[in-house]
Amino acid sequence: GHDGIIVSALFHGGILSGHLDGTFVGFRAGIGEEHLFHAGALAEHSGEARRLASTDKRRLDSIVLAADGCIGQALRLTDPRLAEENERRRSVTEGIVRAMAARTSYSALLSAMGELSQKRAELSAELESIMQALRDMIAKKLNAEAKPLFFTSDAELCELVREFDLKRLNYLFDAVCDAYEDNQKNANIAMLITSLTTKIKK
């Protein structure tokens, strides 16, 4: 198990690596670190970003978060096709994280998990996105002023966090980390998703 690793990393403000062996290192900088640019700066460089700033600010904010501090990546993500892929991944993530609440029915959880991709690379990106969302929830539990790295709405994050205790969030994070690593090791995807679903409902 990896209990306490997430909490320890959060308290020290470091980079969340998830597992003791450090095999998952894809996380962004720790609590409270500001993004290197904001949606307004992106809009200065992209006509599509300017359009989103006036028509869909939430989507533009999600692009900034997904770019991980790299304005070049953010500009690439303003491409409508890539922006749509990002939105789908976020939608899958939000659906699964909400279904992780203990009071959610098993059928609702199965429905949410059924949205995960059967393609290995896409599944890895989705699992990483789920970990980022769980990271935000753990951080918010520990520090009300923590800056989210996945959620674009602090109010939405606070509302969701009330459905979980810290022990449950830590357990869920570990379970998704295990699934991510198994996927990297070419585990059978259908069995991986089934196993993760069982762990979530435990």
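What share of the contacts in the chain with a separation of 6 or more comes from residues 24 or more positions apart? In this model, which is a predicted one, the figure is 65%. Hello everyone, and let me show you around.

First, the overall layout. The chain has eleven helices and zero strands, so reading the elements from the N terminus on, you simply get α-α-α-α-α-α-α-α-α-α-α. There are 202 residues in the chain, and 46% of them are buried.

Let's start with a pair of helices, α6 and α8. Helix α6 covers residues 80-99 and helix α8 covers residues 120-142. Their axes lie 9 Å apart, and the two pack at an angle of about 55°. The two helices are therefore oblique to each other, and α6 passes α8 in a right-handed crossing. If you'd like to follow along on the structure, look on the α6 side for Arg88, Arg89, Thr93, Ile96 and Val97. Across from them, α8 brings Ala125, Glu126, Ser129, Ile130, Ala133 and Met137. Sorted by class, the residues of this contact are six nonpolar, two polar and three charged.

Now please find Glu115, in the loop between α7, residues 106-113, and α8. Is Glu115 buried, partly exposed or exposed? With a relative accessible area of 44%, Glu115 is partly exposed. Leaving aside residues up to four places away in sequence, Glu115 touches Arg88, Val92 and Glu126. Two of those names should sound familiar: Arg88 of α6 and Glu126 of α8 also take part in the contact between these helices. Glu115 and Glu126 are eleven residues apart along the chain, and their C-alpha atoms are separated by 10.0 Å.

Next, on to α9, residues 154-161. Which residues of α9 are buried? They are Leu157, Leu160 and Val161. These three cover an arc of only 100° around the axis, so they sit on the same side of α9. What covers them includes our earlier pair, α6 and α8.

How do α8 and α9 meet? Their axes come within 10 Å and cross at roughly 80°, which makes α8 roughly perpendicular to α9. From α8, the contact uses Asp136, Met137, Lys140 and Lys141. From α9, it uses Asp154, Leu157, Cys158, Leu160 and Val161. By class, that is five nonpolar, no polar and four charged residues. Notice Met137, please: this residue of α8 meets α6 and also belongs to the contact with α9. The buried residues Leu157, Leu160 and Val161 are among the α9 residues in that contact too.

Between α8 and α9 there is a loop, and Thr152 is found there. Thr152 counts as partly exposed, at 26% relative accessibility. Thr152 also brings us back to my opening theme of sequence separation. Along the sequence, Thr152 and Leu65 are 87 residues apart, yet from C-alpha to C-alpha they are 8.1 Å apart in space.

One last stop, further along the chain. Asn186 lies in the loop between α10, residues 166-184, and α11, residues 189-201. What is the phi of Asn186 near? Phi is near 65°, a positive value in a residue other than glycine. Asn186 is exposed, because its relative accessible area is 55% and exposed means over 50%.

That's my tour. Thanks for listening, and I'm happy to go back to any of these spots on the screen.

Definitions and conventions:
Residues numbered from 1 in each chain as written. Predicted model: local features only at pLDDT ≥ 70, side-chain atom pairs only at ≥ 80, totals over all residues. Heavy atoms only, no water. Axes fitted to C-alpha atoms, helices over the stretch in contact; angles between N-to-C directions. Helix = DSSP H or I, 4+ residues; strand = E, 2+ residues; numbered from the N terminus. Parallel < 35°, antiparallel > 145°, perpendicular 65-115°, else oblique. Left-handed = near helix turned anticlockwise from the far one by under 90°. Contact = heavy atoms within 4.5 Å. Nonpolar A, V, L, I, M, F, W, Y, C, P; charged D, E, K, R; others polar. Buried < 20%, exposed > 50% of the residue type's maximum accessible area, 1.4 Å probe, protein only. Arc of directions from axis to C-beta.
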